[in-house]
Structure formats: structure tokens, C-alpha cells
Amino acid sequence: MKIAPIHLVLGLLAAATGFLLLKSRQAAPAHTTSSREELLARGKYLVQLGGCADCHTRKEVTEKGPVDDPAMMLAGHPEGLVLPPPSGDSGPWFAATAGMTAWTGPWGVSYASNLTPDPETGLGEWTEAEFVAALRTGKHRGTGRAILPPMPWQPLGEATDTDLQAMFAFLRSLPPVKNRVPEPQPPVTGTVSSR
Ligand code: HEC
């Protein structure tokens, strides 16, 4: 009769441990989901604050001013809309097209990139590390050609790894838009900006 209570205690302990283990295992997926939601919410907030859509989403010019084209959200300058080279030296001016996704200045003509996860025309094939490196170095995927103005990679590259990762996660959650942005054009006159 002395042994029985010990067995009982051990039995209860085992049951309690099992229960706790089960509880923690059940709790795990819920926790992961909420961190994923938090990451995407943070990314969305930073992408809005970073004004990415100001340049990477084509605008419709309306009576209320320029408005984002919802079908082209963060999909960059529209495919096939290659602009004529600017006529001569633009003087002190940098200029943007009406859609606000193409820009000209001393560097020539630059077209805002497709940031949606389309694998062929957007960031679909990019790794998170390449995205972080691109914003830190100002180079395509972190090692390629220099990213042209007016892409503000310098201040954006000062964001923390966590914030850049959140932006990338949010961009990856967007609906992919197949839109091949034209290649940039060199300047007609003058020299390429100092890089
Ligand atoms: C003032 C306009 C402007 C803003 C604001 C802007 N971009 Fe850009 N971005 C551009 C342009 C134009 C290019 C293309 C430059 C080129 O072709 O070299 C570009 C290129 C990029 C590239 C490089 C793509 C590649 O293929 O190498 C990434 C990544 C990028 N932008 C992400 C962002 C993110 C994320 C934000 C917001 C946090 C943002 N941009 C805000 C204009 C802008």
C-alpha cells in the first residue's frame, strides 16, 4: 500500500507532462501563423511608408490627381511602353511620365521594376538575401548592374534586416503580375550620373 501512491503520483506526472507536451505541440502552428501575419503586416506597413507604389505602380491621372492602377499594383512600368528618348539635355529637370513609372535625367531613361512575385518578369526568382543585398548595395540582386535613379536604395538600405525581410515577405505575398519592364536607355546627351 506504500507503493501505490507513488505509482499514482508518477502516473499523474506522466499524464500531466503528456498533456503539456500535447498542448505545446497544438499551440505551435497557431504561433507560427500569427508571426507570419505580423511579418506581412509589418512588410505592408513599410512598403506603404517607403512609398514603393509611388514609383512602382502605374498611375491613372484623374480629376483627383494620380491614382494607383489596382491591376498593376507594384508591377512596375507597363511592358511595351518604351518611351522616346528625351529631346536633348533636360537642363536642371528630372522628369517622370504621366504614369509616374518612367523617369529621365542625366542617367538616361529608367523604368520602375516589377516587384510582384512573377518568376519571369518580377522578383519571383529572387532570394530574400538578394533582395536585402540589392537595397544595401544599389546593385541588381546585390551583384548585377547599378540600380538607377530615382530608386532611393540608399535610405532604404539602412533599414534593419528584419524590416527588409518583412518588405520582401509582403512583396512575395502579392498577386504575381506578368509585366516585362523595358530595359533602361542610356542618355542621349551629357554623361551618365556619377556612380
Ligand atoms: C522615387 C521612385 C521610387 C521609389 C519611391 C521606389 N523605387 Fe524601387 N525602383 C525605382 C526605379 C525607377 C527602379 C529601376 C531602376 C533601374 O532600372 O536601374 C527601381 C528598382 C528597384 C529594385 C531593383 C530591381 C532590379 O531588378 O534590380 C528594387 C528591388 C526596388 N526598386 C524596390 C523598391 C522598394 C521595396 C521600394 C519601397 C520601399 C521602392 N523600390 C521605392 C523607383 C523607385
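Start with the whole protein, coloured by pLDDT: the mean is 85, and 78% of its residues reach 70 or more. That score is the predictor's confidence in each residue, from 0 to 100. The model is predicted, so local features need pLDDT of at least 70 and side-chain atom pairs count only at pLDDT 80 or more, while totals for chains, interfaces and linings use all residues. Residues are numbered from 1 along each chain as its sequence is written.

Select residues 21-25. Here pLDDT stays under 50, and the model has zero contacts beyond four places in sequence. A contact is a pair of residues whose C-beta atoms, placed from the backbone, lie within 7 Å. Move on to residues 27-31. pLDDT is below 50 here too, with zero contacts beyond near neighbours in sequence.

Switch to cartoon. The protein has five helices and five strands. From the N terminus, the order is α-α-β-β-β-β-β-α-α-α. Helices (H or I, at least four residues) and strands (E, at least two) are DSSP runs, numbered from the N terminus.

Now the contacts across the protein. Of those with a separation of 6 or more, 66% join residues 24 or more positions apart. Buried residues are 22% of the 195. Buried takes 20 or more other C-beta atoms within 10 Å of a residue's own, exposed 12 or fewer, partly exposed in between; C-beta atoms are placed from the backbone.

Next, select helix α5, residues 161-172, and pick Phe168. Phe168 counts as buried because it has 23 C-beta neighbours inside 10 Å. Add Glu128 and Phe131: Phe168 contacts both, leaving aside neighbours within four places in sequence. Finish with a distance from Phe168 to Phe131: 7.0 Å, C-alpha to C-alpha, across 37 residues of sequence.

How values were computed:
Two residues are in contact if their C-beta atoms, placed from the backbone, lie within 7 Å.
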